[in-house]
Structure formats: structure tokens, C-alpha cells
Amino acid sequence: MALSLYVDTARWRAHQKSVIQQFPGLVPVCKGNGYGFGHERLADEAARFGADMLAVGTTYEAASIKDWFGGDLLVLTPFRRGEEPVPLPDRVIRSVSSVDGVHALVGARVVIECMSSMKRHGIREEELGQLHAAIEDVRLEGFALHLPLDRTDGTDAVEEVIGWMDRLRAARLPLHTMFVSHLRAEEQARLQQQFPQTRFRARIGTRLWLGDHEATEYRGAVLDVTRVAKGERFGYRQQKAASDGWLVVVAGGTSHGVGLEAPKAMHGVMPRAKGVARAGLATVNRNLSPFVWAGKQRWFAEPPHMQVSILFVPSDAQEPKVGDELVAHLRHTTTQYDRLVDR
């Protein structure tokens, strides 16, 4: 009995193909928990569709994935002087976001990140003049721009990239390759047309692996079902049942990521109101689970345990049976399945 990730493999791969066709030179990203699929599975998929490069989050991920992917590995976290050394093959490319970092990586293959409107990390315009001497001692694979997802001020992503292309050209730095993130296909096409001598390579993870929501589904298996009467006590904290119904033990707990949620940016009155309502219910121990039974998301009977969750299903619903599977609405990037089932 397990928390399972079911994958409609043909549909999932058809979506991958459509994204690859839209973004020539695409660099697939495999970081964190492998977008819910795991590093080994995504490395296999990238090799299957012929990717020559795979982007990973950290040097530790690169050290693991190198055994599953034979092409180049681009580490997205920028190098910092004094970081713990991790033995890596020559096909690993390091991102660098400072002149000092470039100087420290003599002989290495590097991608230099430029400071975008994300304001996260990167070389600044006033530092470009210092790069000439620094890049003589490294193997420069290109420059990179990590762009924001939303542009609430109405600015144009293409214009931001063009601005950096102009700065790099004015500084007489090589522009053979520019790695970009969070551009639309038509935006990348505009840039490629304007700068035909530069190869634009989109680094894509979420859109590639998770862009078709109907291609994947999490399900938790029912392990036990116990009838309870209104007022009857149950669980670790011996709470009282609010009404007649069933306590349903389902595979999937905190070790799987159930009950854990990344903060969300809320836009608009209705999403904010729903957030306030959920917070209010949580203060009286009413928390909606991600598990669905008989067409409704069911409430946690108590906070999820390490490997299972206990749900309350009221008596006016159909009784679940041991072995049934409940669909679970879980976030891929915070979920660890027990098994993956291709279908």
C-alpha cells in the first residue's frame, strides 16, 4: 500500500516534445526532488530525447546525476569562493555571478550570470570591464539571464535581454551563447531573429516536466477504515468525532510531503479571502487534506503522521474500503512518492 504517482507516459512525453519543438536548444532542468519524478527518471528522459546538457541545482546534485546522464551538466547555483569542494568531471559547467568567482575557477567551464530584474545574483554592468582579464583563464560557455515570472510593472522581457546584449557587446565580450529562463517561445524567437550570431538556450524545468497537469496523478491507498460515532474519542490527542462517520487511514504523510506547503503569492480579493478562511479554520483544528473521496476533498481527522494521514469521512458519504485509492492534489516539487507507475 503506497502513495503512488501515476504517469500517462505517452501524454507526458508528447508534452515534452511540444516544448522542445518550441524552444530550439532547450536545456532541461532537473533540480530539487526532480520536480516530483526523481533525478534518475528525469536524467533518463533527457537522454531519451537527446539533450546534450542537463541543468541541476547544486554541485551535490551534479555529483549524483553524473552517473545517470552522460552529457554536460550545468550547475545553476553560482560558485562561491570557499564552498565545499565536490569531485566533479570536466563535463560539469559552473555558473558564476561575480568577477571574483571567475578568477577563482581557473581552467573551468563557466556560464556567467548577469544581474536581471530578479535582483537575485549576477554580474553588474559596472563590473563588465573587469571580465576581460578574468575570462582569459576560464572556458566561457556563455552568459545567462534568469528573468522574473511576472512583470507587474509592464516591462518587456525581450527588452531586458536586449539591454544586456547591448551592454555585453559594448564591453566587447563574446556573445556566442546566451542562456535564458522564463521567456515565452515567441520572445525567444524574436531574440534569435535580432541576434542571429548568438545561440539562445532556454533553461526549462516546470513547463517541460509539469506543463500538462492531466498527464500525472497522485493517489494514496486506503490502509484501514474504522467507524466512529459522534463524540467518540480517537487519535493521538483523543479528539472527539464531530459526527458519525469513518476514520480513514491513507498512505501519504509528512515524509511524503503531505501537509507541507510552500508559501504562495496571492493576487486578487478572492484568493486572499480563501487564504484568510483557511487560516481561521486551522486555528480550530480544521485542515483540509489533499485527498479526494466521493468527489470532495476530505478533512484531516488530525495532523498527518509521518507515513500516513487519517481522514474523516462523514456517514452521508460512501464508505471507503481497504485497497481503494484516493486521488491526492499534491505539489510535485514538495512530494516524495513511494512508487511511480507508468500507464
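This report describes the fold, the strand pairing, the helix packing and the salt bridges of one protein chain.

The structure is a predicted model, in which local features need pLDDT of at least 70 and side-chain atom pairs count only at pLDDT 80 or more, while totals for chains, interfaces and linings use all residues. Residues are numbered from 1 along each chain as its sequence is written, and side-chain values use heavy atoms, with hydrogens and water left out.

## Overall picture

The chain holds nine helices and 18 strands, where helices (H or I, at least four residues) and strands (E, at least two) are DSSP runs numbered from the N terminus. Taken along the principal axes, the C-alpha atoms fill a box of roughly 75 × 45 × 40 Å. Of the 343 residues in the chain, 48% are buried; buried means under 20% relative accessible area, exposed means over 50%, and partly exposed lies in between, computed with a 1.4 Å probe on protein chains only.

## The sheet

Strands of a sheet pair through backbone hydrogen bonds, either parallel or antiparallel. In this model, eight strands form an open sheet in the order β2-β9-β8-β7-β6-β5-β4-β3, and the pairing is parallel. The strands β2 (27-28) and β3 stand at the edges with a single partner strand each, so one side of each is left without a neighbour in the sheet. Two strands are said to pair if DSSP finds at least two bridges between them.

At the β3 edge, four bridges join β3 to β4, and these two strands run parallel. Within this pair, L54 stands opposite L73 in β4. Between the two strands, the chain passes from β3 through helix α3 (residues 59-65) to β4, and this β-α-β crossover is right-handed, a term used when, with the strands pointing away from the viewer, the path from the first strand over the helix to the second runs clockwise.

In a regular strand the side chains alternate between the two faces of the sheet. Strand β3 (residues 53-56) can be read in this way, as M53 and A55 point one way, L54 and V56 point the other way, and all are buried.

Elsewhere in the sheet, β7 and strand β8 (residues 177-181) pair in the parallel sense over four bridges, and F143 has M178 in β8 as its bridge partner.

## Two packed helices

Helix α1 (residues 9-22) and helix α2 (residues 39-48) pack at an angle of about 60°, with their axes 12 Å apart. Axes are lines fitted to C-alpha atoms, for helices over the stretch in contact, and angles run from 0 to 180 degrees between N-to-C directions. The helices α1 and α2 are therefore oblique to each other, given that angles under 35 degrees count as roughly parallel, over 145 as roughly antiparallel, 65 to 115 as roughly perpendicular and the rest as oblique.

## Salt bridges

Side chains of opposite charge can pair when their charged atoms come close. A search of the whole structure finds 22 salt bridges, each being a side-chain nitrogen of Lys or Arg within 4 Å of a carboxyl oxygen of Asp or Glu. The table lists some of them.

| Salt bridge | Closest N and O atoms |
|---|---|
| D72 and R109 | 2.9 Å |
| D90 and R139 | 2.6 Å |
| R109 and E141 | 2.8 Å |

The pair D72 and R109 links distant parts of the chain, since D72 is in strand β4 (residues 72-75) and R109 is in strand β6 (residues 109-114), 37 residues apart. Both D72 and R109 are buried, and for R109 the relative accessible area is 12%. R109 also forms a salt bridge with E141; R109 lies in strand β6 and E141 in strand β7, so this pair ties together parts that are 32 residues apart in sequence.

What does the salt bridge between D90 and R139 tie together? D90 lies in the loop between β4 and β5 (92-96) and R139 in strand β7 (residues 139-146), so the pair ties together parts that are 49 residues apart in sequence. D90 counts as exposed at 51% relative accessibility, whereas R139, at 36%, counts as partly exposed. Apart from these pairs, R13, R41, E45, R48 and D342 are linked in a network of salt bridges.

## Two residues with positive phi

Y35 is not a glycine, yet Y35 has a positive phi of about 55°. Y35 is found in the loop between β2 and α2 and is buried, with a relative accessible area of 7%. Q238, which is not a glycine, has a positive phi of about 55°. Q238 has its place in the loop between β11 (233-234) and β12 (239-240), and counts as partly exposed at 41% relative accessibility.
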